[in-house]
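Q: I would like to take a close look at a single part of this model, set against the overall architecture. Please take the pieces in turn and keep to what the coordinates support.

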Amino acid sequence: EAMAASRFFDKQLLGDYYIITSPFDPKSFYNGLRTARIDRFDQLERRIQSVYEVTQDHIIPVIFSQEANRYMPSGAPKRKNMWNDKSKFVTPTDATKRELP
């Protein structure tokens, strides 16, 4: 059971998925916590289903390499980053200029 801090009382978290964004990969984040006496990194790692490196152009699936002691590309196909500032999104103004069939 997970709880989220709230103003008057904590609330239970009921999500199926949690998306955490950070400029740090999970290993770097863990190293910054200095909690090695409480839990090892593998305790955090086993709870994480997917890790992606997001660059300006691509979204790259990565996995933790014990040998290299860092995250590396998993070998799964990378995807084009459609959410970067280079992508063209249709604005409501553009949509109203289109003719309907």
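How many helices and strands does the secondary structure of the protein come to? With that as background, which residues line the largest pocket nearest its centre, and which elements each supply at least two residues of its lining?

A: The model is a predicted one, and its secondary structure comes to 3 helices and 6 strands. Followed along the sequence, these elements run in the pattern β-β-α-α-β-β-β-β-α. The protein has 101 residues, of which 15% count as buried.

Against that background, the largest pocket has a volume of about 1,400 Å³, and its lining is made up of 31 residues. Those that lie nearest its centre are Ile-20, Ile-48, Ser-50, Val-51 and Tyr-52. Helix α1, which spans residues 26-33, contributes at least two residues to the lining, as do each of the strands β3, β4 and β5. In character, the lining divides into 21 nonpolar residues, 4 polar ones and 6 charged ones.

Two of the contributing strands can be followed further, since β3 (residues 51-54) and β4 (residues 58-65) pair with each other in the antiparallel sense, over 4 bridges. The connection between β3 and β4 is a hairpin of 3 residues. Val-51, one of the residues nearest the centre of the pocket, stands opposite Val-62 in β4, and in this way the pairing of the two strands can be traced directly from the pocket lining.

The loops that follow these strands also repay inspection. Between β4 and β5 (residues 70-73) lies the loop that holds Asn-69, a residue other than glycine whose phi is positive, near 60°. Most residues other than glycine have a negative phi, so the backbone deserves a careful look at this point. Asn-69 counts as partly exposed because its relative accessibility is 45%. In the next loop, between β5 and β6, is Gly-75, which counts as exposed because its relative accessibility is 70%. Gly-75 is separated from Pro-61 by 14 residues in sequence, while the distance in space between their C-alpha atoms is 7.6 Å.

Beyond β6 (residues 79-80), the loop that leads to α3 (residues 92-97) contains Asn-81. Asn-81 is buried, because its relative accessibility of 6% falls under the 20% cut-off. The side chain of Asn-81 has two polar contacts with backbone atoms: one reaches the backbone oxygen of Thr-55 at 2.8 Å, and the other reaches the backbone nitrogen of Trp-83 at 2.9 Å. Asn-81 and Asn-69 thus offer a contrast in setting, since the former counts as buried and the latter as partly exposed.

A last point concerns charged side chains, for which a search of the whole structure finds 1 salt bridge. Its partners are Asp-42 and Arg-40, with their closest N and O atoms 2.9 Å apart. Asp-42 is partly exposed, because its relative accessible area of 30% lies between the limits of 20% and 50%. Arg-40, in turn, counts as exposed because its relative accessibility is 53%.

Note on methods. Residues numbered from 1 in each chain as written. Predicted model: local features only at pLDDT ≥ 70, side-chain atom pairs only at ≥ 80, totals over all residues. Heavy atoms only, no water. Buried < 20%, exposed > 50% of the residue type's maximum accessible area, 1.4 Å probe, protein only. Polar contact = N/O pair within 3.5 Å; in protein donor to acceptor, adjacent residues only side chain to side chain. Pairing = 2+ DSSP bridges. Salt bridge = Lys/Arg side-chain N within 4 Å of Asp/Glu carboxyl O. 1 Å grid on protein atoms, 1.4 Å probe; cavity = no way out; pocket = protein on both sides within 12 Å on 5 of 7 lines; lining within 4 Å. Points joined across faces, edges and corners; volume = space filled by probe spheres on them. Nonpolar A, V, L, I, M, F, W, Y, C, P; charged D, E, K, R; others polar.
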